[in-house]
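Open the model in your viewer and keep the selection tool ready. The tour below goes stop by stop, saying what to select and what is there.

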Amino acid sequence: MRHHLERTLWATAFLAVLLAPVLLAPVLHGPRIRNGSSLLSELSVGMGLLATSMLVCTVVLPSRLRSLTRTFGIEGVLGIHRFVGLAITLLVGLHVVLVVAANPANVALFDVVHAPDRARAALGATVALGALIVQTVLRRRLRHRYEVWRWVHVVLAAAVLVLSGLHIWWLNHLVRDAAMRALFTVLAVGVLVVLAYRWVWLPLRGTRREYVVREIRPETPTVSTLVLEPRRNGARRGYRSLAFAPGQFAWLRLHPSIWAQEHPFTIASSAHLGLWTEFTIRHSGDFTRQLRLLRPGSPVWVDGPHGAFTLDLHRTTGLVMIAGGVGITPMMSMLRTLAHRRDRRPHRLLMVARTIDDLLFRAEIRRLQQRLDLTVVELLRQPPPSWTGASGTVGAELLTALLPGEFRRNQLDYYLCGPPALVTDVLTVLEELDIPQPRIHTEQFDFV
Ligand SMILES: Cc1cc2nc3c(=O)[nH]c(=O)nc-3n(C[C@H](O)[C@H](O)[C@H](O)COP(=O)(O)OP(=O)(O)OC[C@H]3O[C@@H](n4cnc5c(N)ncnc54)[C@H](O)[C@@H]3O)c2cc1C
């Protein structure tokens, strides 16, 4: 209920921001076409206004508002962010073409040396926007470290935002009217509040959300579990544990500064474990290797919980969990929580891994089977000759054998987490099986 309300409120807020300037401008300025302004120039103003509203939305989306990530999920939030970013680029392109089509003399505005400030600001914003899109599309091929990529992205986005604001301000005719000025002021203040939350409040609050390492538990040679507990000292006596829904994730930092690296990890422990919070982490790069070297008592700063990949948001008759590799972490949180809740519904878990050694938590999952109605299938992509279980890829045959009949399987909820290729393959199979789309939930351990 609360989830639906939050969804409706956010959707209404975004729609209002998107449409307000475009609808208000013609009402306030009247039919300017009759006053000598051409249809093309009116259209170009409309495109520019829509792009500005979209820019506001696209800045708000990745700002870590917990209500937003809980409502749309991190994949949903970033998916909309990317889509809106591309739509802005298209609108800005059309805006520029229409400005010149309305009056070919406007080509002179591209002359950076002699053009007025409003045109220079627009040119700067357009170039920064182009660079932002190229940087996003080519991220994998550019092979920059994620942190470098992220900071370049933030700086380019800030340039687009500031230069677009200056363009509107220096254009003057859009902010001459008191109502229009008030609307732009509200949008600008809204953006500043959200940015202050993201870049000032969150890091400051983060310094108070300090946890310490209780234990690092090796699971395999490349995976270990980090156990955190809230720091307890005189000043922060009674500090509470992290309250989260099973399947959610948090950002971890090893230093409170905003410049410190921050990485997202799913909370793997039960939502009812008490003071401790566990993260199971594959040591794949510099940050995750640093985590493995932490000692008991080392401080860790946590921002979370975030995300909507959780069983607590959906009513269902049972879960079907499909996990690849370390993508088992949200499933472990869900299973451990279900065991704590003495859940009686039938659940199914399909674990996909390269080799037997990569199958995580096998012993614990067997113990959980004694407390839950849980069917487990293990699938190896590179099985040894002695392996008698499932192997190869996840196909319709395997899933049909795991699932109940057509009527009952449409009442189940499906949770997919793992490498993008696995998630895509399983989505195709679920589509073949006609599983209703709203019942399928995905989380991929990558943002771009
Ligand atoms: C929602 C979510 C939940 C996750 N949960 C887990 C988990 O439970 N266990 C686990 O082992 N891994 C998890 N990951 C993946 C984990 O965040 C990355 O493996 C980790 O950030 C890699 O950092 P690195 O510096 O060690 O490796 P690198 O070699 O620097 O990075 C490897 C790849 O990880 C991604 N990445 C790096 N830094 C970040 C960042 N700050 N934010 C987002 N992506 C980044 C990039 O695509 C990069 O190419 C999760 C990721 C997401 C998005």
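Which residue of β10 is the bridge partner of Leu-380? Select Leu-380 and look across to β10: the partner is Ser-391. Keep in mind during the tour that this is a predicted model.

**The parallel sheet**

Leu-380 leads into a pair of strands, so select β9, residues 373-380, together with β10. The two pair in the parallel sense, over two bridges. Next, extend the selection to the open sheet of six strands, whose order is β10-β9-β8-β7-β11-β12. Pairing in this sheet is parallel. Its edge strands are β10 (390-391) and β12 (440-443), each of which pairs on one side only.

Now add helix α9, residues 329-340, which packs on the sheet. The strands touched by α9 are β7 (319-324), β8 (346-353), β11 (413-417) and β12. Compare the direction of α9 with that of β7: the angle is about 145 degrees.

**The whole protein**

Zoom out and show the full chain. The protein has 448 residues, and buried residues make up 33% of them. Colouring by secondary structure should bring up 13 helices and twelve strands. Along its principal axes the C-alpha trace spans about 80 × 60 × 40 Å. Among contacts between residues at least 6 apart in sequence, 74% join residues at least 24 apart.

Colour by domain next. The domain assignment gives domain 1 as 2-205, domain 2 as 210-306 and domain 3 as 313-443. The centres of domain 2 and domain 3, taken over C-alpha atoms, are separated by 25 Å. In the contact between them, domain 2 takes part with 14 residues and domain 3 with eleven residues. On the domain 2 side, the elements that give two or more residues are β1 (210-220) and β5. By class, that side has five nonpolar, seven polar and two charged residues.

**The antiparallel sheet**

β1 and β5 also belong to a sheet, which is the next thing to select. This open sheet of six strands has the order β4-β3-β6-β1-β2-β5, with antiparallel pairing. Why is one side of β4 and of β5 left without a neighbour in the sheet? Both strands stand at the edges and each has a single partner strand, so one side of each has no neighbour there. Neighbouring strands in this sheet are turned against each other by 40 degrees on average, direction ignored.

Work through the sheet from β1:

- Select β1 with β6, residues 299-306: the two run antiparallel and are joined by three bridges. Tyr-211 stands opposite Val-300 in β6.
- Select β1 with β2: they form a hairpin with two residues between them. Their pairing is antiparallel, over eight bridges. Pro-218 stands opposite Ser-224 in β2.
- Select β2 with β5: six bridges link them in the antiparallel sense. Ser-224 has Ile-281 in β5 as its bridge partner.

**Leu-242**

Where does Leu-242 sit? Look in the loop between β2 (223-230) and β3 (249-253). Is Leu-242 buried or exposed? It counts as buried, because 21 C-beta neighbours lie inside 10 Å, and the cut-off for a buried residue is 20 or more.

Select what surrounds Leu-242. Not counting residues up to four places away in sequence, Leu-242 touches Ala-250, Thr-277, Val-302, Gly-304 and Pro-305. Then mark Pro-230, which is twelve residues from Leu-242 along the chain; their C-alpha atoms are separated by 8.1 Å.

**Around the ligand**

Finish at the ligand. Of the 22 residues around the ligand, which come nearest? Select His-263, Thr-266, Gly-285, Phe-287 and Thr-288. β4 (262-266), β5 (277-282) and α8 (286-292) each supply at least two residues of the shell. Of the elements, β4 gives the most, with five residues.

Colour the shell by class to see ten nonpolar, seven polar and five charged residues. Then return to the domain colours: domain 2 and domain 3 each contribute at least three residues to this shell.

Terms used
Residues are numbered from 1 along each chain as its sequence is written. This is a predicted model: local features need pLDDT of at least 70, side-chain atom pairs count only at pLDDT 80 or more; totals for chains, interfaces and linings use all residues. A residue is near a molecule or strand if its C-beta atom, placed from the backbone, lies within 6 Å of it. Helices (H or I, at least four residues) and strands (E, at least two) are DSSP runs, numbered from the N terminus. Ala, Val, Leu, Ile, Met, Phe, Trp, Tyr, Cys and Pro count as nonpolar, Asp, Glu, Lys and Arg as charged, and the others, Gly among them, as polar. Domain bounds come from an automatic or database domain assignment. Two strands pair if DSSP finds at least two bridges between them. Two residues are in contact if their C-beta atoms, placed from the backbone, lie within 7 Å. Axes are lines fitted to C-alpha atoms, for helices over the stretch in contact, and angles run from 0 to 180 degrees between N-to-C directions. A residue is buried if 20 or more other C-beta atoms lie within 10 Å of its own, exposed if 12 or fewer, and partly exposed in between; C-beta atoms are placed from the backbone.
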